[in-house]
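Colleague: Hi! Could you walk me through this one? I'm still new to reading structures.

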There are 4 protein chains.
Amino acid sequence: MEMREKIRIGVIGPHQCRREEYRLGFQVGENIARVGAILVCGGLGGMMEAAAEGAKHAGGITVGILPTDKMSDANPYIDIALPTALGPFRNMLVVQACHAVIAVRGGYGTLTEIAFALRLRVPVVGLATWRFIRDGMEDQSVHRAADPDEAVQLALELARERLGKSDRPPAY
Amino acid sequence: MEMREKIRIGVIGPHQCRREEYRLGFQVGENIARVGAILVCGGLGGMMEAAAEGAKHAGGITVGILPTDKMSDANPYIDIALPTALGPFRNMLVVQACHAVIAVRGGYGTLTEIAFALRLRVPVVGLATWRFIRDGMEDQSVHRAADPDEAVQLALELARERLGKSDRPPAY
Amino acid sequence: MEMREKIRIGVIGPHQCRREEYRLGFQVGENIARVGAILVCGGLGGMMEAAAEGAKHAGGITVGILPTDKMSDANPYIDIALPTALGPFRNMLVVQACHAVIAVRGGYGTLTEIAFALRLRVPVVGLATWRFIRDGMEDQSVHRAADPDEAVQLALELARERLGKSDRPPAY
Amino acid sequence: MEMREKIRIGVIGPHQCRREEYRLGFQVGENIARVGAILVCGGLGGMMEAAAEGAKHAGGITVGILPTDKMSDANPYIDIALPTALGPFRNMLVVQACHAVIAVRGGYGTLTEIAFALRLRVPVVGLATWRFIRDGMEDQSVHRAADPDEAVQLALELARERLGKSDRPPAY
């Protein structure tokens, strides 16, 4: 399959993380590469690096959309680094570059990304991440997964479903 | 007091709203003007118009940061309309232009604004709006208010506290 | 006339300038206020401060769209300061907030603003600023003025003409 | 050489072009691929498509940074399409993603890209494109090339020189 036809799955999560969180991110990235999808992330450390390392370990392709203006700020597992100089506002570009995103844990930065994904109708899979309550009821828009396998499987299905629904010729 | 010394309080909320929600927004805007603060909002209809109408009714000043490229898209109660052509991404500019924001109800657009405010450490007061759960516990960063009076009072205190804490000379 | 009905004229120019350049900017700002228009600029020093000081000296209203995330970075003559944290990319927002812009001298930053204005069809008046050549012929889109009086007069006419041409009800 | 170590050269030019302009862009893209660089462009038609088609014809890799929110808006020769929904403002992101850019002819959109490149100190090679005059003298910052071969050769040298000068470890 050509690069332009591949599904793109984003991984969003904290820029610093503990060992067991890193392992979680690594496995998500590995699975993304194994199902033939391109990994998109914020390009820096923590969960972004974990997922990128996992994807490269499984022979995948990785894209990093950086908050800074230097390509060399990307972690060593990013193939295509895109500097934006937009600071925390580059989060919206990460989300927009994906057919689906997987949120793994995360703080307020990840919260902005989940919110943008919901706003832009990019499907979101959540792995041990934020939950939202409105009018006393939990919002069900984030699809919950129990482990990296399920997260990637869900993201892939949601991405395909979304592409099928597209009103444009499905070039992707 | 000169315009540049005034506190700025943002109102974020849905672009369409029912009559009782509109009344809520109107009262918030009215109170913002009464305490001498400038109202900042997204400049369009619904809760944004409600707050702007309330602020003008009480003789205040209103700023609207628009998602479109036309000043004339602003609702009729906006004094200074700023077109951005940034679509949903102008939300980050609304938040950044404020010393504190009040979220009144709202959908996913409002969710992105609350998330950006938390990320950028702009104090957020919530009036019947989103709640967030992380690791099984509710996040306490959004200050909850019971009514428009309390919301504006809280926002004013938080804005002042933030200005006092600033590492720069408090020009504002 | 109410604030929302006022014409907005931008002044774009270098963030550092010599005394005679500052005087030029001051006079432009003064004239903008005298004709009843709002001054919009980048909010920092040099030509931006010159124009803002001139406008305030003549009792006008000033808006500053800042590249940083701090309102307190605005020069002391800005009434409404809008932090953007967008760095050099806030230039596009300055241009977009105006009915016409006046470019006074300037370096590459000013060049980006003139270019954006031409791209977005915001009328540009040039005072001792960049000229452009394409296919061996000078581009005539920048309206040349000989002094601050002529510059503001031209900008005002172009702004009015543009508003008259607008396909939307001329709220402004 | 791995993807992340490759030089990135941007091609900026009009979104519509005549046959001889298309051929010029095609040859530029072809040469970029032949020297082993990645082509970055705005992802749409005209000169962007010409360069991308040329690069793919020579077996290269292409990145397209789109003004819209749909990956499927990319021309058929783009490997990695990045939607931004930023309209004409995505131009700054195109420039920032490159080690050097080549401007081929072009209108006001291309003018904004050249201006941003000069502002951000990304080297610019010009092929039959805009020239700039300041204080009665032509600005010499755009490196002029006579044909596609010379343009790519110059861009490659300027990109390498820039990388050598970088204060950071030259990961790229």
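**Strands, copies and contacts**

Modeller: Happy to! Let's begin with one pair of residues: A:Gly126 stands opposite A:Arg144, which belongs to β9(A). Keep in mind that this is a predicted model.

Colleague: Okay, and how many bridges join β6 of chain A to β9(A)?

Modeller: Two bridges join them, and the strands run parallel. Strand β6 of chain A covers residues 124-127.

Colleague: What order do the strands of the open sheet in chain A come in?

Modeller: There are seven strands, in the order β4-β3-β2-β1-β5-β6-β9, and the pairing is parallel. Strands β4 (80-83) and β9 (143-144) of chain A stand at the edges. Each of these two has a single partner strand, so one side of each has no neighbour in the sheet.

Colleague: What holds paired strands together, in general?

Modeller: Strands of a sheet pair through backbone hydrogen bonds, and they can be parallel or antiparallel.

Colleague: Changing topic: what turn lays chain A on chain C?

Modeller: A turn of 180°, with a shift of 0.0 Å along the axis, and the RMSD is 0.0 Å. In chain A, the residue that comes closest to the rotation axis is A:Leu86, with its C-alpha at 2.9 Å. Both copies use the same surface, as 100% of the contact residues of chain A recur in chain C.

Colleague: And how many residues of chain A are in contact with chain C?

Modeller: Four residues of chain A are in contact with four residues of chain C. The area buried between these chains is about 270 Å², and carbon and sulfur atoms give 76% of that.

Colleague: Which three residues supply 91% of the area that chain A buries there?

Modeller: They are A:Ala85, A:Leu86 and A:Phe89, and they supply more than any other three residues. You met A:Leu86 a moment ago, as the residue of chain A closest to the rotation axis.

Colleague: How many salt bridges are there between chain A and chain C?

Modeller: Zero. The count of residue pairs in polar contact between chain A and chain C is also zero, with both residues at pLDDT 80 or more. On the side of chain A that touches chain C, three residues are nonpolar, one is polar and none is charged.

Colleague: Last one: what turn lays chain D on chain A?

Modeller: It takes a turn of 180° and a shift of 0.0 Å along the axis, with an RMSD of 0.0 Å. The two copies are therefore related as by a two-fold rotation axis. In chain D, the C-alpha nearest that axis is the one of D:Ile80, 4.5 Å from it.

Colleague: Through which surface do chains A and D meet?

Modeller: Through the same surface on each copy, because 100% of the interface residues of chain D are also interface residues in chain A.

Conventions. Residues are numbered from 1 along each chain as its sequence is written. Chains are lettered from A and ligands numbered from 1 in the order in which they are written. This is a predicted model: local features need pLDDT of at least 70, side-chain atom pairs count only at pLDDT 80 or more; totals for chains, interfaces and linings use all residues. Side-chain values use heavy atoms; hydrogens and water are left out. Copies are superposed by least squares on the C-alpha atoms of residues with pLDDT of at least 70 in both. Contact means heavy atoms within 4.5 Å. Buried area is the accessible area (1.4 Å probe) that two parts lose on being put together, summed over both. A salt bridge is a side-chain nitrogen of Lys or Arg within 4 Å of a carboxyl oxygen of Asp or Glu. A polar contact is a pair of N or O atoms within 3.5 Å; within protein, one must be able to donate a hydrogen and the other to accept it, and residues adjacent in sequence count only if both atoms are side-chain atoms. Ala, Val, Leu, Ile, Met, Phe, Trp, Tyr, Cys and Pro count as nonpolar, Asp, Glu, Lys and Arg as charged, and the others, Gly among them, as polar. Two strands pair if DSSP finds at least two bridges between them. Helices (H or I, at least four residues) and strands (E, at least two) are DSSP runs, numbered from the N terminus.
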